[in-house]
Amino acid sequence: MKVATFNINNINKRLPNLLAWLAAEAPDVVCLQELKAEDRDFPAVALEAAGYGAVWRGQRSWNGVAILARGAKPVLTRRALPGDPDDDQARYIEAAVRGVLVASIYLPNGNPQPGPKFAYKLAWFDRLRAHAASLLATGAPIVLAGDYNVVPTEADIWPGHHEQANALLQPQTRAAYQRLLEQGWTDALRSLQPTGPLWTFWGYLRHRWPNDKGMRLDHLLLSPQLSGRLADAGVDRWTRGEEGASDHAPTWVSLDVRHLSAPGARSRGAAAPPGPRSPARRASGARAARPRRP
């Protein structure tokens, strides 16, 4: 199962880009962020024609999230992050697809900091960790995918940057992400490529893309039930060079979900997940760049 996350940065404006990528790469599950479209304007018909069922929560301006499934309809389980009934920002959606629970996450940016936007970011992160802990407790196979608006370490941004004041790099932001990982989640891309650039975002200004001055903002976190099933991961960089591209590139993992057991099945004698990958497999796993399609 290939699961991808893609901040599309306006789904209707970039629908041709999205459809071209779906046709070229054929992901099984796609988590989208920053739809910038109300529910009624979501292009469900065009996506269905491309072979994808969808669930979504739209919103005008900067938000909106969705989950797509190739040849299937995701089973919606949640349309909002719990913990604050007054929060009406469309930043979280969750669904089951072929036995795997998948969340599409659009974590707040937090700029400028300090200030109310940064406080909202950290509070949202606290709510995400609380919900993530409850999901882990179910024992289900889970992928938390999305634009986390976090640069986890200095290895995840171009060398020589001057972004020290950016909310994405603040010690509180990085600590919140680390505390999430410490619950037992696996940062899929970094687990396959521990060192080196893995950019997923290049800003539109200051020639960030042509100069390859990127950041890693888009992450796929795997529950323990899936971490041993991670076969491959990468970033489809070629999309960022297309006309009208989003400033993010799709980021994905490939999971071996054959014989995936329901929670608790192992205690009843079901086979254990595949063991660790061989060193050769690990070395070839995370492909940060893919050839551009003709």
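# Exercises on a predicted model

The model is predicted. Five bridges join strand β8 (residues 142-147) to strand β10 (residues 218-222), and the two strands run antiparallel. The exercises start from this pair.

## Exercise 1: the sheet around β8 and β10

Determine the strand order of the open sheet that holds β8 and β10, and state which strands stand at its edges.

Solution.

1. Take one residue pair to fix the register: V143 has L222 as its bridge partner in β10.
2. Extend to the whole sheet, which is open, has six strands and follows the order β5-β6-β7-β8-β10-β9. The pairing is mixed.
3. The edges are β5 (75-78) and β9 (186-187); each has a single partner strand, so one side of each lacks a neighbour in the sheet.
4. Add the helices that cross the sheet. Helix α3 (residues 116-137) lies across β5, β6 (92-97), β7 (100-106) and β8, at about 20° to β6. Helix α4 (residues 171-181) lies across β9 and β10, at about 25° to β10.

## Exercise 2: the surroundings of V143

Find whether V143 is buried or exposed, and list which residues V143 touches, leaving out those up to four places away in sequence.

Solution.

1. Locate the residue: V143 is found in strand β8.
2. Check its cover. The relative accessible area of V143 is 0%, and the cut-off for buried is under 20%, so V143 is buried.
3. List the contacts, not counting residues up to four places away in sequence: V143 touches V3, V100, L101, V102, A103, L220, L221, L222, L226 and L255.
4. Place V143 in a core. The largest nonpolar core has 39 residues, and those with the most contacts inside it are V3, V143, M215, V253 and L255.
5. Take L255 from that list. With residues up to four places away in sequence not counted, L255 touches M1, V3, V143, L222, L226, R229 and L230.
6. Apart from this core lies another, of 23 residues, among them L81, A103, L107 and L180.

## Exercise 3: the two sides of helix α1

Identify the buried residues of helix α1 (residues 15-25) and explain why they are on the same side of α1.

Solution.

1. The buried residues of α1 are L15, N17, L18, W21, L22 and E25.
2. These residues cover an arc of only 160° around the axis, which puts them on the same side of α1.
3. The general rule behind this reading is that an α-helix has 3.6 residues a turn, so residues three or four places apart point the same way.
4. On the other side of α1, P16 and A23 are exposed.
5. The buried residues of α1 pack against β1 (2-7), β2 (29-33), α2 (44-49), β3 (52-57) and β4 (65-70).
6. At the end of the helix, α1 is followed by A26, which has a positive phi, near 50°.

## Exercise 4: strand β11 and the chain as a whole

State how many residues of strand β11 (residues 230-235) are buried, then give what fraction of the protein chain is buried.

Solution.

1. Six of the six residues of β11 are buried.
2. β11 pairs with strand β12 (residues 251-255) in the antiparallel sense over five bridges, and A233 stands opposite V253 in β12.
3. In the protein chain, buried residues make up 53% of the 294 residues.
4. The protein chain exposes about 12600 Å², of which carbon and sulfur atoms supply 55%.
5. Among contacts in the protein chain with a separation of 6 or more, residues 24 or more positions apart account for 71%.

Key:
Residues numbered from 1 in each chain as written. Predicted model: local features only at pLDDT ≥ 70, side-chain atom pairs only at ≥ 80, totals over all residues. Heavy atoms only, no water. Buried < 20%, exposed > 50% of the residue type's maximum accessible area, 1.4 Å probe, protein only. Contact = heavy atoms within 4.5 Å. Areas by Shrake-Rupley, 256 points an atom, 1.4 Å probe, with all protein chains shown as cover. Helix = DSSP H or I, 4+ residues; strand = E, 2+ residues; numbered from the N terminus. Arc of directions from axis to C-beta. Pairing = 2+ DSSP bridges. Axes fitted to C-alpha atoms, helices over the stretch in contact; angles between N-to-C directions. Core = buried A, V, L, I, M, F, W, Y, C linked by side-chain atoms within 4.5 Å.
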